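This report goes through the fold, one helix and three chosen residues in turn. Please keep the sequence and the structure in view while reading.

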Amino acid sequence: MISPHTQTQSQPTRQRGFTLLEMLLVIGMIGLLAAIALTRYQDHIVASNRQAARAALVLAQQDMERAHLQSGTYVGAALPAVQPSDTFVLNLTGLSASGYTLNATPKAGQTDELCGTLSITQNGAKGATGTGTALDCWE
């Protein structure tokens, strides 16, 4: 009779680690989280550029009003030669003795579908050319 201690049976050993299915699930979840984070990051960049454009328009409006106080007319007033940002371009349209419109247009690759080109006039009227309202874009 063979004692149970001397019997040698080969038992399958259980391997430790991850299965292919578990690895694929983890990779899928990481991809989903990365896609959400990238979208949020891009939205944040667009909103930040929009805020910079609004600030530049208000500063340019102050320069225009200062020029009007000094000369009594807007004619001859100009924007600074150096653009304040590399994400949008400031321009001056409708310049007359009694009014003007300042625009901040996004540069190529910096599109803002919600607001598009932001504008402000001599009387403070604010506008936007995108899909959103001026109120959405100037808050």
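## Helix α1 and its end

Helices here are DSSP runs of H or I with at least four residues, numbered from the N terminus. In this predicted model, helix α1 covers residues 20-71, and G72, which follows α1, has a positive phi near 80°.

How far apart are the end C-alpha atoms of helix α1? They are 76 Å apart, and because 52 residues at 1.5 Å a residue should span 76 Å, the separation agrees with expectation.

## Overall fold

The secondary structure of the protein consists of two helices and four strands, and these elements, read along the sequence, give the pattern α-β-β-β-β-α. The radius of gyration is 31 Å, well over the 14 Å that the globule rule gives for 139 residues, so the protein is more spread out than a compact globule. Along its principal axes, the C-alpha trace spans about 120 × 25 × 20 Å.

Of the 139 residues in the protein, 23% are buried, and about 10,100 Å² of surface is exposed, with carbon and sulfur atoms supplying 60% of that area. Among the contacts with a separation of 6 or more, 34% are between residues 24 or more positions apart. The protein carries 8 positive and 9 negative side chains, and the centres of these two sets lie 10 Å apart.

## The buried part of α1

Which residues of α1 are buried? They are N49, R50, A53, R54, A56, L57, A60, Q61 and M64. In general, an α-helix has 3.6 residues a turn, so residues three or four places apart point the same way.

The cover over the buried residues of α1 includes the strands β1 (88-93), β2 (101-106) and β3 (118-121), and also the helix α2 (134-138).

## D112, a buried loop residue

D112 lies in the loop that runs between β2 and β3. Is D112 buried or exposed? Its relative accessibility is 11%, and because buried means under 20%, D112 counts as buried.

When residues up to four places away in sequence are left aside, D112 touches V46 and R50; of these two, R50 is also listed among the buried residues of α1.

## V89 and S71, two partly exposed residues

V89 belongs to strand β1 and, at 32% relative accessibility, counts as partly exposed. Leaving aside residues up to four places away in sequence, V89 touches Q83, N103, A104, T105 and K107. For one of these, A104, the separation from V89 is 15 residues in sequence, while the distance in space, C-alpha to C-alpha, is 5.4 Å.

S71 is part of helix α1, and with a relative accessibility of 47% this residue, too, counts as partly exposed. How far is S71 from W138, C-alpha to C-alpha? The two residues are 67 residues apart along the chain, and their C-alpha atoms are separated by 30 Å.

How values were computed
Residues are numbered from 1 along each chain as its sequence is written. This is a predicted model: local features need pLDDT of at least 70, side-chain atom pairs count only at pLDDT 80 or more; totals for chains, interfaces and linings use all residues. Side-chain values use heavy atoms; hydrogens and water are left out. The expected span of a helix is 1.5 Å times one less than its number of residues. Buried means under 20% relative accessible area, exposed over 50%, partly exposed in between (1.4 Å probe, protein chains only). Contact means heavy atoms within 4.5 Å. The radius of gyration is taken over C-alpha atoms; the globule rule is 2.2 Å times the number of residues to the power 0.38. Accessible areas come from the Shrake-Rupley method with a 1.4 Å probe; for residues, only the protein chains shown count as cover. Lys and Arg count as positive and Asp and Glu as negative; His and the chain ends are not counted. The place of a charge is taken as NZ of Lys, CZ of Arg, CG of Asp or CD of Glu.
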